[in-house]
Structures are given as structure tokens and as C-alpha cells.
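Open the structure in your viewer and keep the selection tool at hand. The tour goes from the whole chain to single residues, one stop at a time.

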Amino acid sequence: MPNTAPGAERVAGGVSEDATPAAPARPAARAWRWAGAALFLLVVVVLFDAYLHLSKTYPENSDEANILLMANDMLHGNVYLSHWYVSDVPFITTELPQITLLVWLFGLHLNTAHIAAAVTYTLVVAVGMLLAKGRAHGWAAVARMALALAIMLAPQPGVGIFVVIFSVGHIGTALPVMLTWLVLDRFGSRPYVPVIVAVLLAWALMADPLVLVIAVYPLLAVCLARVVTGLFTGARGGGGLRGMRQGLLGRRLELWLAAAAGVAYLIVALGRQLLAMAGGYVQQPVPFQLDPARNWWWQARVVVHGLLEMFGAYFVPGNWINYLRLGDYVAEPAPSGLDQAIALTHVLGVVLAVWGACAIARRFFFRDADFVSQLLLAGIVANLAAYIPSTLAFATPLNVREVAPVLPFAAVLAGRMLGDRLLTGPLAAVRLPGFLRAGATSYGGSGRADGAGNAVPDGQAAAPSPAAGLTRQRDARGKDPRRRSLRLRLVAIPLVALFGWYSYGLFRQADTPAAPQPLAGLAAYLEANHLSYGLGGYWDASIITVETGGKVTIRAVTTTCLQPYLWESKTDWYSARLHSANFILLSQEPVNGFAVNGDVLLVLNHWSRSAYVTSKPPPNYYDTQSTGWPVFIDYGGYYFNWVPEISSGHYVIKNGHVVLVRTQPIWYYTARVYPFNLLARLQKTLPQVLNSRPAWLLKEIKQDLGKPVPAC
């Protein structure tokens, strides 16, 4: 028998027996969800296209070329990268497999590196938006995701693009870390979550030691803070030991997650041992040292400069990028007035990021503090605290790639902590035009609906509408005039306009023509002169190798003794049994020059003139007029240098001043061609000669008026 008490059906949340049954969940709700997912995917695709164009505005270099060569080697079966010397970050489980797949799809080309960089940052932005959303729904979710996207949307040309959309670096490391926190956020205290967290952290840590700083240590610290908070809350509530025990039981997830962090570290340690036993790559140590003698204030200024460019907010005229030493820099042209205005508005994104960090910092030791936000803040603080006082920071702003995860972490923090606040404030009702009005819909009873479009029974108050949405309205007589009105939060209007301005800035930058490859002409010139295998500097070697598809192969060597450059290189490249290198590419290019020590060249010249070399260069050999070895092939223009004039071993001085004489033309690039395989003599014979200093070498050194170099 139904309860006939007045209002009983309202208390129970039901309707009277003779009322029209409530409509089931509308297909429109499911349609809106699918539409939201489709819109999200569309945004991701558009962002990828924009980021690909942005990446191409920065010319590739040998770092990216070496990563492509490593990926190509993995594609051909060398999964463990045997015989490789990798950098301090191997990327073996994260970006290298991704680039291997892209090399398989698009081939071994420099453009493949741009595609990989765009894919990586697009995924970082997409996962960051999902993590910023948290468990929110509706317009709250939209506000959180939009805020995070706005902050990460458009890094600045120059340092910003280099750090986040160009170089293979720590920005890609932020992706597996945020995926780990996303699992924790979505699945909460389910028993399998610590296992997944351990696996994901091990996956990331195997690829990049920075995960220790931005994920493992922060997880341990936050878990400790939350356990202590639980114990303190239980004891303060008057429960004594029983209360502390209850508080500890309430933090079981944190205890398991702390154990998962330790397990992840052990998995990686074991994995590296097994990899070494299997003959895998050799990893260089991280060049990290704390140096109290450094000028930390100066280093902090350089870091702030780099961070502002990552956020797209460096508006200072005279965009100084390449700091060479303290107070020494190479200036880049100042941004235009419009670009400067766009950068100035991006300062708001920096302010919101700092605001979000302060919001969680204020509640960091509260019992109900957001776990993921605590982890993100701890990661940011640990990353900056480890970088600023280190030797790594005493360089150009380009080195802020070491703190690249700060950008997505701060954006996610702002979305999670401030996104909901965008839904507060006064409402403005805007009447829609007639073609957007919809017909009346019956929801049962009088057909009334709340702001979310859900049916409301008779006598029950309708729930307030969300921050922005469509609501059906009725006049005083209860009739539906078949009208719709759009109700907006006033604060949303300028924020939407600002987001549109940011988007305009992004696509304005993406419309910039692609940067030309600076060594393409040199590579073609070497190929035209039939130079197929040689040695050179790091910044010229692999980029030419990939540019020519291996038709001109150059391997990096050191400047002092022409020894293998063991950084992102393979030992097989220097095998005289497998290869024959007959030229050295010297560079006097101002920024990344490669000038081999004079003593080494004297030894090679002596060998070229020795008795066992009986051949002479043929006439017009390599388009030169050389009559003996080595043959010089110059390219790229030249300049003159002024050096002191020397007579009888002393400087010539006139009128109290050293007399300067102009040198022979110094070419930007010179290939010195030799009549023998350089690889057969470099690794053993050349160091022995330079260390023993035979009489003929000392004689030539004296004649050359040079200074002996340190022993090899």
C-alpha cells in the first residue's frame, strides 16, 4: 500500500502512483558524452598538426639524428642496443620504441624526428588534460581541462619549442609519470593499483633517471606526509593509540604505494644488471653536481627565463637565448610587437600555475588534501630544487629541458585546483535566436526539468543549473514558450576570449616557414665529391649521415686525439675491419666548430708524406689543384684572421705594438682527404705517437711554432 502521508513521495524521491512515469536516461545524454569524446580527439589531432609545424621551425641537430640511428638499429633487431654508448638518458623503454615505430612507418629521415617530437608533446598535453579533469563531470570537467590546455598550449619560439616540441628529452618523461598518477586518480584504493604504479614507475625509470626526482622521491615523501597526517589526526581526536591505529589503517594505500616505489627501483636495478649481462648499451653517468661556489642567483634567473619561454610568457625585449658564460650571450632578434603582446598575456597562465601550486601547498598537510595534486607539487619542487644549484644550470636557458616536466605538472595543478572556481560568480542569461530554440519536452508530471535536463517530479524544487548550459524556462502560467536561453558565468566570457587569443598565437607561430637544414648544402657537396666515409665533430657527423641517407657517413671523434666520441655512438662505426674512413671534416663555424689539435694534423701529414704512400692525387682531384696529400676541399665561405707576426721565435714589435699579419683564408668547412684508412691508425698508433713525442714530431711542432697538447 502506498504511503499517503503528504509529501511522502517527495521524501522518497519518487512520484505518485497516478503520475506519468519518469523518463529513462535520455539517449541525448549518451550522445553528449560521445560528442565530448569526439571533440577531445579532434582537439588532439589539431594540436598535433600545429605542433608538427612548430617543431619544423627549429633545425635538427646531431642529438636527434643519433636518436634516429639508435631507433633504426632497434628496428633491425638490436633491441638491447649492443655496442652502443648512450647518453645519460637512454630512453630505452619510452621514446625510443615510439621513434622505432615511426622510423618503420616513415623511414630514416630528419622529418621523422619532427613527427616524433610532435607526437610526444601532443600526448603530454592530452594526458595532462585528462589528469587535470580528475573525477569531475560536466562543465567542471570542461573548465579544468581547458585551463590546463591553455597553459600548455603555445610554448614560445626559440627555447620553448626546443625544450618541449623539438628535442628528445625530459618532456617525454612527464608522459609515463602523469599516466601513473592518472591510474592512481581513476582507480583510487583498489588493491591492484600499487602493482600498476610499481610497473609504470619502473617503465619510466628505466628510460630516464630523472623519474627518481620527479616521481619516486615525491611519492615516498607525500606518502610519508599523509601517513603522519593520519596518525596525528587520529591521536588528536582523542583516540590515543587506538585512534592512531585507525588513522594508520586509513592510510593503507599510502603504505602500499611507498612499497611500490621501492619495488620499482629494485626492478630497474635488476633490469639494468640483466641488460648489461646480455651485452646491452653502456650508459654515461649523469653530469650532475651540486656546487656551492656557483652564482645561484644568476642560475635562478636563467632558469626563470627558460621557464617563461616554456610557458610562452617571455615578453622581455631582446630575447637573449644562448648564454655562453656569465654575462656573455648571443642575442637573438627581439620579438615583434604582436608576438610580445601574445607573450605578455601568457603571463596570466604563469600566474594561474603559481596560484594552483600555492593552493595545494596551503592544504598540503590537511587530511583531505588531493593526493595527485600533492604528488605534482612535490615533483615540481624536487625538480627545481635539484636543478637550480647544480652545475647543469650554469649554461644557456636551453638547458631548462632538465626541468621540462614543470610545465605539464603546473598546468595540471592549475586545472585541478582552480578549474572549479571558474564556475562561480554571477550568471548572465542570453536569449538564443529562433533557429536554436527547441520544442517542449515532457519529463513527466508538469514536464519540468532542472538545469541539467533531468526530470523533476511535481512539488520538488529544481536543482540549479550548471555554470553554462541550456535551460528550459516556463512563464507564470506554467506553459512552455518553446524557448531556450544560454546562461553563462560572467567570468567565462573573458576567459573564452583569452583562450581564443592563445589559440591565435599558436597557429600564428605554426604558420612560420620551416627552418632550412643548415648542413644540407655541405652534405650535398661532400656527396658530389664522392666522399663516403669520414670523421668529424659531433654536431656535424650524424646530422649529415642521416641527411644523405648514409651516402656520406661521418662519425664523431674527439678534437684532441681523434678518438671515438662515446656519446650516442656505436663502437662498430670505428672498426677498421668494417669501414674505411679517408677524410676529416674540420669546421670553423662560430658556434659548433670542430678544430682538431694541430699536433694531430702534423702526424697525419707526416704519414701522408711517408715512404709507404707512393700514390699522388690525380690532376684536379676532387676539383682541387692539390699536388700532394692531404687534399683540401673547402666549402661554405671563408674569413681572415689576424695573428702576431713572429721572427726568430719572437714577436715583431714596432712602436711598442705587436705587428699583426693576416692569415690565409679560413674556410668554415674543410675536408682533409688522406690516402689511407684513418680508422686503422687512430685508436692505437696515433695515441702512441702523440704520447711518445718522437724527434720528427718535435721538429715539426717547433717549425709549426705550436704548443704540444696533453697526452692522449
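Helices and strands in this tour are DSSP runs, at least four residues for a helix and at least two for a strand, and they are numbered from the N terminus. With that numbering, select His 530: this residue is in the loop between helix H18 (520-528) and strand E8 (533-536). Its phi is positive, about 60°, although His 530 is not a glycine. Is His 530 buried or exposed? Its relative accessibility is 67%, and exposed means over 50%, so His 530 counts as exposed.

Now select Glu 568, which also has a positive phi without being a glycine, here near 55°. Glu 568 lies in the loop between strand E9 (553-556) and E10. At 6% relative accessibility, Glu 568 counts as buried, because buried means under 20%.

**The whole chain**

Zoom out. What you see is a predicted model. The protein chain has 23 helices and 19 strands. It is made of 712 residues, and 47% of them count as buried. The accessible surface comes to about 35,000 Å², and carbon and sulfur atoms hold 63% of that. Among contacts with a separation of 6 or more, 74% are between residues 24 or more positions apart.

Colour the chain by pLDDT. The average is 80, and 75% of the residues score at least 70. Next, select residues 438-477, where pLDDT stays under 50; the model has 84 contacts beyond four places in sequence for this stretch. Residues 479-483 are also below 50, with 17 contacts beyond near neighbours in sequence. Where pLDDT is low, the predicted coordinates should not be read in detail.

**The nonpolar core**

In soluble globular proteins, nonpolar side chains tend to be buried together. The largest nonpolar core here has 177 residues. Select Tyr 51, Tyr 121, Trp 181, Leu 219, Ile 544 and Leu 562, the residues with the most contacts inside this core. Which helix gives the most to the core? Helix H5 (residues 110-133) does, with 13 residues.

Stay on Leu 562 and show its surroundings. Leaving out residues up to four places away in sequence, Leu 562 touches Val 557, Ile 584, Phe 594, Val 596, Val 600, Leu 604, Leu 682 and Leu 686.

**Aromatic rings**

A pair of aromatic rings is described by the distance of the centres and the angle of the planes. How many aromatic pairs does the structure hold? There are 13. Select Trp 84 and Trp 573: their ring centres are 5.2 Å apart and their planes are at 80°, so this pair is edge-to-face. Trp 84 belongs to strand E1 (residues 84-86), while Trp 573 is in the loop between strand E10 (569-570) and strand E11 (583-587). The pair links distant parts of the chain, 489 residues apart. Both Trp 84 and Trp 573 are buried.

Move to Trp 607 and Phe 676, another edge-to-face pair, with 6.4 Å centre to centre and 70° between the planes. Trp 607 lies in helix H20 (residues 598-608), and Phe 676 is in the loop between strand E19 (666-673) and helix H21 (679-682), so the pair ties together parts 69 residues apart in sequence. Trp 607 counts as buried at 6% relative accessibility, and Phe 676 counts as buried at 9%.

Keep Phe 676 selected and add Arg 681, which lies over the face of Phe 676 at 5.7 Å from the ring centre. For a second case, select Arg 226: its charged end sits over the ring of Phe 371, 4.4 Å from the centre. Then select Tyr 58, Phe 162 and Phe 166, which form one aromatic cluster.

**Two loop residues**

Select Val 403, in the loop between helix H15 (371-387) and helix H16 (406-418). At 0% relative accessibility, Val 403 counts as buried. Apart from residues up to four places away in sequence, Val 403 touches Leu 307, Met 310, Asn 383, Leu 384 and Tyr 387. Add Val 163: the two residues are 240 residues apart along the chain, and their C-alpha atoms are separated by 9.3 Å.

The last stop is Phe 315, in the loop between helix H12 (296-310) and strand E3 (320-325). Phe 315 counts as partly exposed, at 33% relative accessibility. Beyond its neighbours within four places in sequence, Phe 315 is in contact with Gln 340, Ala 343, Leu 344 and Val 347. From Phe 315 to Ala 343 the C-alpha distance is 5.2 Å, with their positions 28 residues apart in sequence.

Notes:
Residues numbered from 1 in each chain as written. Heavy atoms only, no water. Buried < 20%, exposed > 50% of the residue type's maximum accessible area, 1.4 Å probe, protein only. Contact = heavy atoms within 4.5 Å. Areas by Shrake-Rupley, 256 points an atom, 1.4 Å probe, with all protein chains shown as cover. Core = buried A, V, L, I, M, F, W, Y, C linked by side-chain atoms within 4.5 Å. Phe/Tyr/Trp six-rings, centres within 6.5 Å; stacked < 30°, edge-to-face > 60°. Lys NZ or Arg CZ within 6 Å of the ring centre and 35° of its normal. pLDDT = per-residue confidence, 0-100.
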